[in-house]
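The exercises below are meant to be worked with the sequence and the coordinates side by side. Each one sets a task and then goes through a solution step by step.

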Amino acid sequence: MFTMGIDIGSTSSKAAIMEDGSKIVASCVIPFGTGTSGPQRVIEDVLQAADMNRDNIDYIVATGYGRRSIPGADEQISEITCHARGVHFLLPSTRTIIDIGGQDVKVIRVDENGAVMNFVMNEKCAAGTGRFLEVMARVLECKVDELSMLSNQAKQAVPISSTCTVFAESEVISQLAAGNSREDVVAGIHDSVARRVASLGKRVGLVPDVVMTGGVAQNEGVVKAMRQELKTEIKTSPLPQLTGAIGAALLAYQKVQKAKQAND
Amino acid sequence: MSKVEEILSELGYVAHHPARMVEQWKKETGGKAVGIMPIHCAEEVVHAAGMLPVGMWGGQTSISLAPEYLQSFCCSIMKAVMEFTMSGAYKNLDAIICPETCDTLRVIPLMMRKAIPQTPIIGVVLPDNRKIDAGIKYTAAEYRSIVKQLEQITGNPVKDEDLQNSVEIYNEHHAAMMEFFKVAVDHCDIITPYNRHMVIKSSYFMPKEKHTVLVKALIDELIKLQPSQFKGHKVVVTGIMSEPDELLEMFGKYGYAIVADDLAQGSRQFRTPAPADDDPYIRLGKRLANFEGCSCVYDPEKLRGKLLKQLVDETQADGVVVLMMKFCDPEEYDYPFIKQDLEEAGIPHLYLEIEQQMESSEQVQTRLQAFAELLEERKN
Ligand code: SF4
């Protein structure tokens with residue numbers, strides 16, 4: 001049986017096709033999120049990658065910020081539940097998930113079965129999110145994926161104290177104007193993200209294993225800063241952007257199984 | 001339309017038309033109306049003066065004038081109140097009573113005096129030491145002082161027996177509300193989160209004796225019906241209020257029923273009766289002394305978490321939703337204590353930051369949906 005999970009975020013669209021809830025057959029990430037052609041394209045691309053069409057898929061679960069506007073999805077489930085399930089599949093020893101996406105941050109506590117025990121999300125604010133890093137990258141005239149490499153070369157992190165994205169932007173500009181190196185400023189930016197996310201994490205309590213997911217988990221500089229801030233080992237998900245989609249595909253499988261059992 | 005629907009629709013109308021209700025009351029009785037700001041000012045004193053007490057808990061409006069007085073980090077209720085004050089929405093109120101509930105409310109009377117100098121603004125300070133004898137006497141004295149000021153507005157003296165009578169009417173109303181909450185648990189399909197709120201909110205804009213009649217009739221009708229087999233998620237809500245309407249509709253959409261509340265606008269107003277005493281002012285003082293579990297009254301024992309646990313046990317609720325009014329410092333200060341108590345008791349809870357004027361509902365929806373999924377998973 002084949003199931004599909006689609007995760008439509010604010011800045012990217014992700015999809016995964018799984019077989020019998022145990023094997024990833026195909027997956028796809030497109031850097032355009034809800035309200036763009038991203039959702040449609042990611043479905044087409046993932047089907048193509050698996051050499052399938054819609055009729056081969058038994059059940060589709062949509063998740064993410066844009067989950068309610070996916071034509072053809074059989075059901076929509078919140079990204080909290082999907083992430084938890086996806087990370088549990090990839091790293092079963094996970095008990096705490098820190099997910100930093102384009103526009104939000106979530107910290108999720110899960111039990112040994114991957115069920116959600118508790119969660120917190122950031123409020124309407126870009127601080128600590130991927131968006132925050134994007135704004136900073138623009139000021140620093142580099143690409144977001146260069147931030148990690150830059151902070152690796154830092155000698156000493158320049159403290160960035162504003163959590164507000166707008167104020168932090170001007171703080172970064174004045175730190176650069178004061179002669180601080182880009183590398184040191186980037187390290188400071190990563191520390192600032194880590195502080196912000198850590199305070200959210202402490203609300204749910206961080207039980208190991210702690211795993212980071214979401215696009216920002218690909219930035220080793222942030223992960224390192226998080227390790228220091230939380231004084232704990234932090235793993236990263238092997239497929240950080242795809243955990244939501246994988247979780248959705250797994251939940252889709254579970255739904256079909258349940259319905260079958262009920263019919264038998 | 002069934003009788004239940006009829007009553008609910010009448011109460012819904014009242015809840016959504018406070019200004020019209022005040023107008024109508026004035027026309028019918030020739031009396032005056034007095035606004036009462038949150039949270040714990042005994043309405044009985046206004047009732048005893050023959051005036052209509054009107055709850056002033058903000059409302060739906062876009063905020064454009066209020067920032068002249070209030071910073072952006074004030075709660076949305078007070079922003080709405082100041083907006084209404086400045087736009088003239090309260091012109092039909094003959095006086096406004098402002099209890100010093102929190103740091104934001106402390107300064108509101110001053111701003112109101114400046115913004116609407118024609119309306120008498122009556123300040124009242126309720127004591128932190130509310131339980132000791134001196135505290136009870138002090139509360140009584142504050143209420144006496146309000147009554148004196150109201151007498152000047154109406155020109156009529158308020159006798160002790162008038163206030164005794166009002167206290168009785170309110171005790172009866174509050175008991176009816178608590179009874180309604182209990183009965184409603186068996187009818188979650190009809191008494192949706194939204195309908196439940198309409199029953200509460202309407203009580204702020206009509207004479208309590210009339211409201212009592214409607215609530216009792218509603219109870220009678222509900223009892224006649226078969227209890228519903230509710231399959232969704234039963235939750236207890238705690239916080240200042242559960243507005244706006246869209247929030248309550250979302251509760252409905254994701255399969256929640258509110259089986260009990262610990263809301264400042266809800267049960268906190270109704271759950272503690274005024275005990276008997278020859279002096280009606282002392283009765284009000286003693287009620288405040290006996291009252292427990294609100295972020296806005298001093299409670300060194302931090303009983304609120306325990307009270308929530310009790311509500312969950314009594315109603316067999318699946319969890320608690322903490323409706324955190326953004327920028328409400330008293331509620332924020334309480335949260336760590338209730339969080340700890342709920343976690344120790346193994347009761348799942350959702351922390352949901354709300355504003356009375358909701359600009360976007362996406363974040364709230366995701367949280368409510370995820371919490372519903374969490375509760376569902378616990379059942380399996
Ligand atoms: S909601 Fe909180 S901050 Fe606002 S007036 Fe009420 S007690 Fe004060």
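**Exercise 1: the interface of the two chains**

Across the interface of chain A and chain B, 3 salt bridges are found, and the model in which they occur is a predicted one.

Task: establish which elements give two or more residues to the side of chain A that touches chain B, and describe that side by residue class.

Solution. Begin with one salt bridge, in which the side chains of Arg68(A) and Glu362(B) meet at 2.4 Å, N to O. Next, take the polar contacts between chain A and chain B, which amount to 11 residue pairs, both residues being at pLDDT 80 or more. Turning to secondary structure, the elements of chain A that supply two or more residues to the side touching chain B are helix H2 (79-90) and strand S8 (116-121). The largest share of that side, 5 residues, comes from S8(A). Sorted by class, the side of chain A that touches chain B holds 8 nonpolar, 5 polar and 8 charged residues.

Task: give the extent of the contact in residues and in buried area.

Solution. Counting residues, chain A provides 21 and chain B provides 22 to the contact. In terms of area, the two chains bury about 2,000 Å² between them, and 43% of this lies on carbon and sulfur atoms.

**Exercise 2: the shell around the ligand**

Task: list the residues around the ligand and divide them by class.

Solution. The residues around the ligand are Ile39(B), Cys75(B), Ile77(B), Met78(B), Cys102(B), Leu105(B), Ile240(B), Cys296(B), Cys328(B) and Pro330(B). Dividing the shell by class gives 10 nonpolar residues, with no polar and no charged ones.

**Exercise 3: two residues of chain B**

Task: decide whether Ser295(B) is buried or exposed, and find which side chain it joins in a polar contact.

Solution. Ser295(B) is located in the loop between helix H12 (280-290) and helix H13 (304-315) of chain B. Its relative accessible area is 14%, and because the limit for a buried residue is under 20%, Ser295(B) counts as buried. The side chain of Ser295(B) is joined to that of Glu331(B) by a polar contact of 2.5 Å. When residues up to four places away in sequence are not counted, Ser295(B) touches Arg268(B), Arg304(B), Pro330(B), Glu331(B) and Asp334(B); of these, Pro330(B) is also one of the residues around the ligand.

Task: carry out the same assignment of burial for Asp341(B).

Solution. Asp341(B) belongs to helix H14 (residues 329-344) of chain B. With a relative accessibility of 17%, Asp341(B) counts as buried. Leaving aside neighbours within four places in sequence, Asp341(B) is in contact with Lys302(B), Gly305(B) and Lys306(B).

**Exercise 4: backbone geometry in the loops**

Task: locate the cis peptide bonds from Pro208(A) to Asp209(A) and from Glu243(B) to Pro244(B).

Solution. For the bond from Pro208(A) to Asp209(A), omega is near -5°, and Asp209(A) is placed in the loop between helix H6 (182-204) and strand S9 (210-213) of chain A. For the bond from Glu243(B) to Pro244(B), omega is near 5°, and Pro244(B) is in the loop between strand S5 (233-239) and helix H10 (245-253) of chain B.

Task: state the phi value and the accessibility of Lys231(A) and of Phe327(B).

Solution. Lys231(A), in the loop between helix H7 (220-230) and strand S10 (234-236) of chain A, has a positive phi near 50° and is exposed, with a relative accessible area of 72%. Phe327(B), in the loop between strand S7 (319-325) and H14 of chain B, has a positive phi near 70° and is partly exposed, with a relative accessible area of 34%.

Conventions
Residues numbered from 1 in each chain as written. Chains lettered and ligands numbered in written order. Heavy atoms only, no water. Contact = heavy atoms within 4.5 Å. Buried area = accessible area lost by both parts, 1.4 Å probe. Salt bridge = Lys/Arg side-chain N within 4 Å of Asp/Glu carboxyl O. Polar contact = N/O pair within 3.5 Å; in protein donor to acceptor, adjacent residues only side chain to side chain. Helix = DSSP H or I, 4+ residues; strand = E, 2+ residues; numbered from the N terminus. Nonpolar A, V, L, I, M, F, W, Y, C, P; charged D, E, K, R; others polar. Near = heavy atom within 4 Å. Buried < 20%, exposed > 50% of the residue type's maximum accessible area, 1.4 Å probe, protein only.
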